[in-house]
Amino acid sequence: MAEIVGGGRPVNDAERRVIAYLRDHAPADWLLLHNVEVPRGHDIFEVDLLVLTGHSLVVVDVKGTRGRIEVSGTRWFPPRREAFGSPVTKLRGTAKALKGLLTSKAIQLERVYVDALVVLTSPDAELSDPAGRDAPNVTDLPRLIATLSDVSRIRRGCSPDVKPYMTAILDALNQTVRRSTAPPRYGNWEAEEQLGGDARVTEYRAFNTTLPGSETVLLRVYQADPLADHEARAAERQRIANAYQTLAKIPPHPCVVRSRDFFAIDDESRFVLVLDDVHGEALHLSLGKGARLGVIQDLLRGLAHAHAHGVVHRALTPASVLVTDDGHAVLTGFDYAKPGPRNYTVVHELGNVLDAHYVAPECLERPDRMTTASDVYAAGAIAYQLLTGRLPAGPDAGGVPTGFDVGGPDVPEVVRRMLDPVPAKRPTAAEALDALEGARLQESRLKRLVRRIVSGS
């Protein structure tokens, strides 16, 4: 078992897997330093891993790229994604710079060989390098320890034994490299703030590194298992992509969050959904702060727009409604939505995420029965809670929906109808919105009339 002597935070599962593999399988006298920064001129280069073996110091770059990778000149061409610059070329330059830094600290370290190695972690990764330029510096996980142990890689003039230089190497590294403090970066998006998350998804506020100072976006970074079999990975990819595919069906609307992009990183250990950054807070954080008819109307506007384009939300709660500082509401949380007919479903996931307080009676035992009418029920429960400060009571203890507590005079008649136990008796979201807007207009006219009477004008 190799010893980890320090480092920063691994940024993806591919790096974690390589670090753990070396920790658990490499010789006990090897030392590992991961996720550090190496100065190179006026620039700083991030290094995934430094491995100090018995005969060399190796700079390691971890790549989770999948499939057959064609090498042409100084570029790599992976399947189904854009080409990128050869990581071997870059890594050789970093290794050369690190060697110069070491010898500048202790001249005897001129005898230490600094190697460069790219590790492909995906089981189906294959490098096709007809010219043979990059292949000597590329390996995979099963061959990693054998490659690192290969003394024949040492160039002439360097020592095959680094033990006499161990203290000097560690001192020089301590003076030159530093723990990486770079924030997470996904594609062109760099996280500036982690907003929350759970074991499945992490949310960040991020900016485009190509245009610093531009508007921010919201990133939802989903965990995935890149080592699962093909069928399991396809199912997981479909589940994660559901929100993006759903939002892609809905034309832009001020009351529905807008998606910008969806992509996988490296070995598909993460998927990133890029959304508009709605600067506000989830409605469930501000419940009890007074009735806001405008929020209810915005919620219904967003819901009616989604329904008009064949989308059923299915997981509507106050947590999926964002409210901006000026009181504008935006509908979010489309991870489990149904965007019309398709050849797969995520309905089996609903049982793990639904809040029964907002689930229509007909769907409590059968989430697969969710329709636009059940969305209206959820919106009605949210409206009721905003107006009264409490949730509507559910069916009788016997489970038969014979009656609901739908509030007093502060609850508009249309909200009562939205909570009707019989789906067919509920209004549509558009009808409920029209009724609320009509009631608000009538209330406004009544207030103006009262003011005129009181003022005597």
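The chain exposes about 22,200 Å² in this predicted model. Carbon and sulfur atoms supply 51% of that area. Of the 457 residues, 50% count as buried. The chain holds nine helices and 20 strands. Contacts reach far along the sequence: among those between residues at least 6 apart, 61% join residues at least 24 apart.

Thr 246 illustrates the buried part of the chain. The residue sits in helix H5, which covers residues 230–249. Its relative accessibility is 0%, so Thr 246 counts as buried, the limit being under 20%. A polar atom of the Thr 246 side chain lies 2.8 Å from the backbone oxygen of Asn 242. Beyond residues up to four places away in sequence, Thr 246 touches Val 311, Phe 334, Ala 337 and Pro 339.

Aromatic rings provide further links. The structure holds three aromatic pairs. One of them joins Tyr 186 and Tyr 204. Their ring centres are 5.8 Å apart, and the planes meet at 40°. This geometry is classed as tilted, because the angle falls neither under 30 degrees nor over 60. The pair links distant parts of the chain. Tyr 186 belongs to strand S12 (residues 185–186), whereas Tyr 204 belongs to strand S14 (residues 201–208). The two residues are 18 apart in sequence. Tyr 186 has a relative accessible area of 5% and is therefore buried. Tyr 204, with a relative accessible area of 6%, is buried too.

Tyr 244 and Phe 262 form another aromatic pair. Here the centres lie 5.7 Å apart, with 15° between the planes. The arrangement counts as stacked, because the angle is under 30 degrees. This pair also links distant parts of the chain. Tyr 244 lies in helix H5, and Phe 262 lies in strand S16 (residues 259–265). Again, 18 residues separate the partners. Tyr 244 has a relative accessible area of 28%, so this residue is partly exposed rather than buried. Ring pairs extend the arrangement into a cluster of Tyr 244, Phe 262 and Phe 271.

Helix H5 thus appears in both settings. The helix carries Thr 246, with its contacts to Val 311, Phe 334, Ala 337 and Pro 339. Helix H5 also carries Tyr 244, which pairs with Phe 262 of strand S16.

Technical notes:
Residues numbered from 1 in each chain as written. Predicted model: local features only at pLDDT ≥ 70, side-chain atom pairs only at ≥ 80, totals over all residues. Heavy atoms only, no water. Helix = DSSP H or I, 4+ residues; strand = E, 2+ residues; numbered from the N terminus. Buried < 20%, exposed > 50% of the residue type's maximum accessible area, 1.4 Å probe, protein only. Contact = heavy atoms within 4.5 Å. Areas by Shrake-Rupley, 256 points an atom, 1.4 Å probe, with all protein chains shown as cover. Polar contact = N/O pair within 3.5 Å; in protein donor to acceptor, adjacent residues only side chain to side chain. Phe/Tyr/Trp six-rings, centres within 6.5 Å; stacked < 30°, edge-to-face > 60°.
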